[in-house]
Amino acid sequence: MPRKINKKRNEKGDGNLRYRANGTFEYRINYTDVDGTKKRKSFYGQSDIVCMEKAQHFLDMLEKKKTGIDMDATIVDIVKEKCKSDLEKNFVHEQGFYRNMYTLSIIKKSAIGKIPIADLTEGHIELFLKTLTDYSNSTIVKVYRHLRLGFKEAINKDIIAKNIMEIGDLRCPKSNKKDKKVYALTQQEQQRLVEYLENYKAPNGRNTYISQIMISLLSGLRMGEVNALKTENIDFDHNLIHVRSTVSRGKNDHSFIKEGTKTYAGVRDVPIMENLKPILKTALDNAKKNPYNLLFYDDVHNKIITTSQVNNFFQRTCEKCNIEIRGQHALRHTFATRCIEAGVPAVVLKNWLGHTDIHITLDTYADVFSSMHNDSIAKLGEYINNLSKLS
């Protein structure tokens with residue numbers, strides 16, 4: 001038979017404890033809320049110790065609230081605040097901020113996006129991670145990083161005492177979808193594409209994106225970098241393209257010129273090949289006055305040209321050329337592939353492409369490098385055979 005406890009004040013005088021008719025305990029406390037009002041609250045449990053622990057947790061959380069810590073903050077609240085702070089401090093730019101907000105929206109519409117982070121358990125996170133497998137691997141990785149960031153910030157803000165993302169077995173899930181691979185044009189496809197563009201006549205009043213496609217194909221520039229080129233970036237004196245900016249998208253898909261490129265290594269100087277010179281000279285001759293002094297500008301609609309505009313034209317062109325439809329990023333991959341086939345060292349290609357790390361170059365074009373290794377083995381074998389004939 002459970003022991004009976006009459007209603008009495010506990011030893012510290014913080015509240016009253018009583019045994020209830022249903023066999024549970026109630027611990028009632030008086031406290032002062034954040035706004036200064038006097039209030040009462042009861043805590044229930046199977047033992048007096050459980051009740052007092054609940055009360056102590058509540059009072060601890062209340063003290064944190066009084067010091068300005070939002071104990072009801074969700075992962076979404078915390079990560080959004082951090083992203084805004086990074087934007088204001090120029091750690092990220094407008095494009096990166098709104099990309100983060102899109103990623104955060106995946107968490108926001110889930111159950112864990114509505115529960116205070118202080119109340120989340122490993123079970124909550126595990127269930128959420130299982131729902132991500134229908135997204136691409138790149139999206140899953142971004143969401144997982146946001147989760148880790150949210151818990152790390154919650155620790156820093158003293159909202160939680162332990163980081164379940166660190167101590168648990170909450171690994172980043174894998175997508176059900178296969179990773180999309182961007183393939184380069186074959187040499188024959190590249191020839192068909194170039195011949196088609198050389199003979200293409202744009203309808204009256206239509207923008208033509210031939211020069212942008214050819215520049216990307218013969219320099220490896222990202223299309224956002226091509227569309228952000230200013231006339232002064234074309235340096236024939238030193239035979240270089242100075243890549244200094246890119247076209248980015250901000251709130252409501254608003255396009256703007258971002259000073260700086262996708263990565264810090266993207267700010268670079270790319271050599272101009274001989275067959276690229278006439279294309280650049282023609283583009284300079286045809287450049288029209290615009291607010292940004294851009295080499296390419298949509299004067300029909302008085303706006304910056306976006307990657308999607310060029311991509312739509314490129315895909316129609318691929319259909320006409322009987323080329324399996326690829327996104328315009330295939331132009332950059334084609335340039336890199338031709339470089340590798342020509343024997344351009346990986347470290348040089350890394351700089352031309354604006355990769356931050358040589359491993360990105362090696363990993364991205366691993367198949368191409370492997371095929372060149374096979375050719376090298378054949379050449380080595382031929383060389384060894386010739387040596388044996390000399391003896």
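Cys318 is buried, with a relative accessible area of 1%, where buried stands for under 20% relative accessible area, exposed for over 50%, and partly exposed for what lies in between (1.4 Å probe, protein chains only). Cys321 also counts as buried, at 6% relative accessibility. The sulfur atoms of Cys318 and Cys321 are 6.7 Å apart, too far for a bond, although Cys321 holds the closest cysteine sulfur to that of Cys318. Cys321 is likewise in no disulfide, a term kept for a pair of cysteine sulfur atoms within 2.5 Å. The structure as a whole holds zero disulfides.

A word on the model helps here. This is a predicted model, in which local features need pLDDT of at least 70 and side-chain atom pairs count only at pLDDT 80 or more, while totals for chains, interfaces and linings use all residues. Residues are numbered from 1 along each chain as its sequence is written, and side-chain values use heavy atoms, with hydrogens and water left out.

The protein chain has 15 helices and nine strands; these are DSSP runs numbered from the N terminus, helices being H or I with at least four residues and strands being E with at least two. Of its 391 residues, 41% count as buried. The accessible surface of the chain comes to about 23300 Å², and carbon and sulfur atoms account for 50% of that surface; such areas come from the Shrake-Rupley method with a 1.4 Å probe, and for residues only the protein chains shown count as cover. Among contacts (heavy atoms within 4.5 Å) between residues at least 6 apart in sequence, 57% join residues at least 24 apart.

Helix α12 offers a good place to look more carefully. It spans residues 329-341, and its 13 residues reach 19 Å from the first C-alpha to the last, close to the 18 Å expected at 1.5 Å a residue; the expected span is 1.5 Å times one less than the number of residues. Eleven of the 13 residues in α12 are buried, among them His333, Phe335, Arg338 and Cys339. After α12 comes Gly343, with a positive phi near 90 degrees.

Within α12, Arg338 and Glu341 form a salt bridge (2.8 Å, N to O), that is, a side-chain nitrogen of Lys or Arg within 4 Å of a carboxyl oxygen of Asp or Glu. The two residues are three apart, about one turn of the helix. Glu341 is partly exposed, at 32% relative accessibility.

The whole structure contains 13 salt bridges. In one of them, Arg268 pairs with Glu225, with the closest N and O atoms 2.9 Å apart. Arg268 belongs to strand β9 (residues 268-271) and Glu225 to helix α9 (residues 223-227), so the pair ties together parts that are 43 residues apart in sequence. Both partners are covered: Arg268 is buried at 5% relative accessible area, and Glu225 is buried at 0%. Another salt bridge joins Asp299 and Lys288, with the closest N and O atoms 3.5 Å apart. Here Asp299 is partly exposed, at 39%, and Lys288 is exposed, at 55%.

At the surface, Tyr383, Ile384 and Leu387 make a nonpolar patch of about 300 Å². Patches consist of residues with over 30% relative accessible area and no salt bridge, with like charges joined within 9 Å and nonpolar side chains (Val, Leu, Ile, Met, Phe, Trp, Tyr) within 5 Å. Tyr383 sits in helix α15 (residues 366-390).
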